[in-house]
Amino acid sequence: MEKKDHSFQNGLLTGISVTLAAVAVLVVIGAFFVVPALRSGRNQASTSDAAESLLEKIEEINAYIDYYYIFDVDQEAMENSLLAGYVSGLGDPYSVYYTEEELDSVLESSSGAYYGIGVLVGQMEDGTLQVVNVFRNSPAMEAGMQKEDVIVGVDGQNVEGMELDQVVAYIKGAEGSQVTVTVYRASTGETLDLSMERREVEVDTVEYRMLDSNVGYLQLVEFDDVSLQQMEDALKDLESQGMEGLILDLRDNPGGLLTSVVDIADLFLDEANIFYMEDKAGNRVDYDAEDGTAYDGPLVILVNGNTASAAEVLSGTLQDHGIAQLVGTTTFGKGIVQTFYELSDGSGIKLTTAHYFTPNGTDIHGTGIEPDVTVEMETGADPDVQLQAAQELLQSEMGQ
């Protein structure tokens with residue numbers, strides 16, 4: 001990351017989760033280099049007046065602290081808290097202030113192999129950080145971490161109420177170093193300290209198998225650099241086993257890389273719009289499929305309330321183009337784009353800068369995508385009634 005560039009487009013289709021195998025938000029750096037005018041002539045005076053008033057109030061508060069406060073003062077911590085609170089005042093959970101260390105952490109590239117612990121974590125609507133998936137052969141699996149565990153601490157520090165990006169910065173570390181993650185397990189009522197060694201983790205973003213009646217099942221857990229190749233390999237293998245119809249499972253998929261969702265949509269579309277974005281000024285950028293299809297058979301997509309962002313893009317575009325029917329429950333509803341901006345001292349901010357739309361012009365933010373067939377299911381329920389419904393629908397499309 002070069003210091004001369006001051007803005008970075010987020011891998012803009014991240015939803016409520018982050019892979020802590022990577023222990024980094026999935027980002028695309030430099031998709032757009034839009035350096036904003038920090039002060040226009042129209043509002044420069046009012047901005048200066050507000051800044052001067054704020055500085056005067058801070059100086060007044062510092063005077064009271066210097067004179068009356070009985071404990072030591074960590075000036076850097078106070079300044080960081082002030083800046084974080086200032087951005088938080090926007091009331092947008094996706095707009096965040098980062099220290100230089102935090103910014104460096106979240107802007108690391110998602111290559112699919114990481115020094116981390118090997119879990120996918122989601123920030124739920126109530127702010128809790130819940131484990132969505134534990135990857136095979138990972139430090140987290142070996143330490144006993146389970147799906148639906150809630151992360152409440154890292155190395156003895158309480159992280160309840162923190163933003164996911166901040167917790168990521170605490171969990172991330174050097175290869176071979178130790179980290180202790182404290183989790184609350186609702187099924188047993190236990191709070192557990194799980195110690196593990198950070199190491200390179202190869203993320204399997206695709207899981208697949210053949211079901212009865214020549215139905216292929218493929219689950220995509222996130223959109224990462226390795227996902228396209230894993231998808232292509234899985235589709236080829238399933239077709240070699242006689243697949244005649246496909247169920248694509250995007251439940252609990254939080255999103256990920258812009259490049260990944262565009263490439264994966266290209267597997268199912270031929271010269272069609274995938275989605276488009278519009279910024280504050282109404283400028284539009286289109287993302288289109290161009291390379292032809294790798295699979296054009298019957299397709300059903302499974303979705304739920306944790307299907308977010310990039311996963312909603314893929315679901316929405318294939319639904320809009322009549323390529324797939326959706327089964328499950330209404331998706332999460334994140335239809336906005338974030339951009340990272342590096343500040344002059346190396347710290348940075350992430351701001352919401354655009355909306356994205358499905359090909360039919362639908363803005364899903366705050367509403368989500370409605371499935372064609374609604375099927376409710378309790379978490380961890382057995383049998384998987386949503387999968388059963390998807391298979392029945394697919395078999396009917398296959399003429400069975």
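**Close-up views of a predicted model**

**View 1. The hairpin of strands 13 and 14 in the predicted model.** V206 of strand 13 has L220 as its bridge partner in strand 14. This pair belongs to an antiparallel arrangement in which 5 bridges join strand 13 (residues 206-210) to strand 14. The two strands form a hairpin with 4 residues between them, and within the turn S213 has a positive phi of about 60 degrees.

**View 2. The surroundings of S227 in helix 6.** With a relative accessible area of 0%, S227 falls under the 20% limit and is therefore buried. Its side chain is joined to that of T205 by a polar contact of 3.0 Å, and a polar atom of the S227 side chain also lies 2.8 Å from the backbone nitrogen of D224. When neighbours within four places in sequence are left aside, the residues in contact with S227 are T205, V206, L220, E222, S260 and I264; V206 and L220 are the bridge partners from strands 13 and 14.

**View 3. The largest nonpolar core, with L248 and F268.** This core has 42 residues, and L248 and F268 are those with the most contacts inside it. At least two residues each are supplied by strand 14 (215-220), helix 6 (227-240), strand 15 (245-249), helix 7 (258-265), strand 17, strand 19 (299-303), helix 8 (310-320) and strand 22. Apart from its neighbours within four places in sequence, L248 is in contact with L218, L220, M231, F268, L299, V300, I301, L302 and L314. A second core, separate from this one, has 21 residues, including V119, V154, I171 and L192. In soluble globular proteins, nonpolar side chains tend to be buried together.

**View 4. Strand 17 and its two antiparallel partners, strands 18 and 22.** Strand 17 (residues 273-279) is largely enclosed by the rest of the structure, because 5 of its 7 residues are buried. Towards strand 18 (residues 284-288) there are 5 bridges, with the two strands running antiparallel, and N273 stands opposite D288 in this pairing. Strands 17 and 18 form a hairpin with 4 residues between them, where G282 in the turn has a positive phi of about 85 degrees. A further 4 bridges join strand 17 to strand 22 (residues 348-357), again in an antiparallel arrangement; there, the bridge partner of M277 is Y356. Strands 17 and 22 each also supply at least two residues of the core shown in View 3.

**View 5. L194 in strand 11 and its contacts.** L194, found in strand 11 (residues 190-197), has a relative accessibility of 8% and so counts as buried. Although L194 and M145 are 49 residues apart along the chain, their C-alpha atoms are separated by 7.3 Å. M145 is also one of the residues that L194 touches, together with A143, G144, V179, T180, V181 and V183, not counting residues up to four places away in sequence.

**View 6. The whole protein chain as context for the close-ups.** The secondary structure of the chain comes to 9 helices and 23 strands, and 48% of its 400 residues are buried. Of the contacts with a separation of 6 or more, 70% are accounted for by residues 24 or more positions apart. The chain exposes about 18900 Å², of which carbon and sulfur atoms supply 47%.

Key
Residues are numbered from 1 along each chain as its sequence is written. This is a predicted model: local features need pLDDT of at least 70, side-chain atom pairs count only at pLDDT 80 or more; totals for chains, interfaces and linings use all residues. Side-chain values use heavy atoms; hydrogens and water are left out. Buried means under 20% relative accessible area, exposed over 50%, partly exposed in between (1.4 Å probe, protein chains only). Two strands pair if DSSP finds at least two bridges between them. Contact means heavy atoms within 4.5 Å. A nonpolar core is a set of buried Ala, Val, Leu, Ile, Met, Phe, Trp, Tyr and Cys residues joined through side-chain atoms within 4.5 Å. A polar contact is a pair of N or O atoms within 3.5 Å; within protein, one must be able to donate a hydrogen and the other to accept it, and residues adjacent in sequence count only if both atoms are side-chain atoms. Accessible areas come from the Shrake-Rupley method with a 1.4 Å probe; for residues, only the protein chains shown count as cover.
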